[in-house]
Amino acid sequence: MSGPGRYHLLLTMDGRPVQHGWWNREETARDKLRRWIGERGGRPGTRVTLLDEETDAVLADWPDQR
């Protein structure tokens, strides 16, 4: 692998980045998304975002902004 993966997971708390991860497989990134929500999702001000670095699309954003 010659750099970070396509799928970027970002964990922020109170608006500050706390943890990043990059994976080549979307399935793996989505599994990590669920784990990070389970591990850290109970704290107010927590947000977990999954981005596709190739298309600049937000694939998931927790909690949902809608």
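**Note on the predicted model: salt bridges and sheet**

1. A search of the whole structure yields eight salt bridges. The structure is a predicted model, and the points below take up several of these pairs together with the strands and the helix around them.

2. One of the salt bridges joins Arg 6 to Glu 54, with 3.5 Å between the closest N and O atoms. Arg 6 belongs to the segment before strand 1, whereas Glu 54 sits in the loop between strand 3 and strand 4; the pair therefore ties together parts that are 48 residues apart in sequence.

3. The two partners differ in accessibility class. Arg 6 has a relative accessible area of 28% and is partly exposed, while Glu 54, at 60%, is exposed.

4. Within helix 1, Arg 35 and Asp 31 are four residues apart, about one turn of the helix. Their side chains meet in a salt bridge, at 3.3 Å from N to O. Arg 35 counts as partly exposed, with 45% relative accessibility, and Asp 31 is likewise partly exposed, with a relative accessible area of 27%. Elsewhere, salt bridges that share partners link Arg 6, Asp 52 and Glu 54 into one network.

5. A further salt bridge is formed by the side chains of Glu 27 and Arg 25, at 3.2 Å from N to O. Glu 27 is exposed, its relative accessibility being 58%.

6. The sheet is open and consists of four strands in the order 2-1-3-4, with antiparallel pairing. Strand 2 (16-23) and strand 4 (57-62) are at the edges; each has a single partner strand, so one side of each is left without a neighbour in the sheet. On average, neighbouring strands of this sheet are turned by 20° against each other, direction ignored.

7. Strand 1 (residues 7-13) and strand 3 (residues 46-52) form an antiparallel pair over seven bridges. Within this pairing, His 8 is placed opposite Leu 51 of strand 3. In general, strands of a sheet pair through backbone hydrogen bonds, in either the parallel or the antiparallel sense.

8. Helix 1 (residues 26-40) lies across strand 1, strand 2, strand 3 and strand 4. With respect to strand 1, helix 1 runs at about 10°. The salt bridge between Arg 35 and Asp 31 described in point 4 has both of its residues in this helix.

Technical notes. Residues numbered from 1 in each chain as written. Predicted model: local features only at pLDDT ≥ 70, side-chain atom pairs only at ≥ 80, totals over all residues. Heavy atoms only, no water. Pairing = 2+ DSSP bridges. Helix = DSSP H or I, 4+ residues; strand = E, 2+ residues; numbered from the N terminus. Axes fitted to C-alpha atoms, helices over the stretch in contact; angles between N-to-C directions. Contact = heavy atoms within 4.5 Å. Salt bridge = Lys/Arg side-chain N within 4 Å of Asp/Glu carboxyl O. Buried < 20%, exposed > 50% of the residue type's maximum accessible area, 1.4 Å probe, protein only.
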